[in-house]
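Me: Please take me slowly through the aromatic rings of this model and whatever lies around them.

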Amino acid sequence: MPAPSRSTFPLVPRYRLSGLPFGGSPSLRRGHGSDVAGSRQYVRGDPISTIDWRASARLSTALGRDEFVVRERYAEEAPRVVVLADRRPAMGVYGAPFPWLSKPDAVRSATELIVHSAEASNAAIAYLDYGDAADRGGEPFWLAPSGRAMWQRIEARNEEAPGFGAPEDGIARGLEFLPRFRSELSSGTFVFVISDFLGEVPPESAWLTAAARRWEVVPVIVQDPEWEQSFPVVGPIVIPLADPRDGQVLEVRLSRREARARREANERRHDELVAGFFTLGLDPVLLGSSDPEDVDRTFLEWAERRRDLRARR
């Protein structure tokens, strides 16, 4: 169960779809439910309970013979939720005692909130990462959709394999991997992709393919607001930079002009990333803190924004 101090956010579909939502995810499948999909003539094997007796009486009177009409309904479904976590080396940086954004803490906090929010919507949850794919012959770590103790299972995964050794194209591989489970990840599935998106960003085709499956794909952008979304205009200054792949530190001298150029480049890169997602029809979450209260507030604001946008359509 979520900690008392944490909130949960609603799973708000981007568009109004046909079918009865249960917890926030609509169904496009015929099945047992209360939302009528249409009517058709009775065929042998149809349950008697599905017969529309009034419509059957009208049709029988009009045709002068006994005819039966049944109602088809949309199935009521809980949503499915997938967390695809980027565990490239660059996502394992800036933990304590450094004062910058701890990406591992931010990913953990966001994942915990997503899982508990999914549980609050009675959703089955799946988890995917490529953190130790090299030890798995290139295959990812995958937890199939389940509603049972998923957060504890993810925590156990992080304890057993705490490293950040995913390939640079791990997110693209993940988006290609998920369609293997098309029967389990039906339309309306929420796919939260958590990354800083500063490495190899998946091509447009990967996002469009996922969207074509009518998944609710949500990029969660984890970037330090001061050093990655922007850059402090200071200088001249010597900054120690560490390579996240091997930990080697290199001291770099920056002039004030170079710092200003870096700020402009970082802000332009960030704006282009966000604009690119919106162009693809994706509504990203911008996460610049690992503090649980900040993370909760960010996701709640994101859900409220989606609710408002959907209401205006």
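Reply: A good place to begin is R87, which lies over the face of F164 at 5.2 Å from the ring centre (the rule asks for NZ of Lys or CZ of Arg within 6 Å of that centre and within 35 degrees of the ring normal). The model is predicted, so local features need pLDDT of at least 70 and side-chain atom pairs 80 or more, while totals for chains, interfaces and linings use all residues. Residues are numbered from 1 along each chain as its sequence is written, and side-chain values use heavy atoms, without hydrogens and water.

In a similar arrangement, the charged end of R213 sits over the ring of W215, 6.0 Å from its centre. Turning to rings beside rings, the structure holds 17 aromatic pairs (centres within 6.5 Å; planes under 30 degrees apart are stacked, over 60 edge-to-face, the rest tilted). The rings of F197 and F277 have centres 5.3 Å apart and planes at 75°, so this pair is edge-to-face. The pair links distant parts of the chain, since F197 belongs to the loop between β6 (190-195) and α5 (204-212), whereas F277 belongs to helix α6 (residues 256-279), 80 residues apart. Both F197 and F277 are buried (under 20% relative accessible area, 1.4 Å probe, protein chains only). Elsewhere, ring pairs join F9, F190, F192, F299 and W302 into a cluster.

Notes
Phe/Tyr/Trp six-rings, centres within 6.5 Å; stacked < 30°, edge-to-face > 60°. Helix = DSSP H or I, 4+ residues; strand = E, 2+ residues; numbered from the N terminus. Buried < 20%, exposed > 50% of the residue type's maximum accessible area, 1.4 Å probe, protein only.
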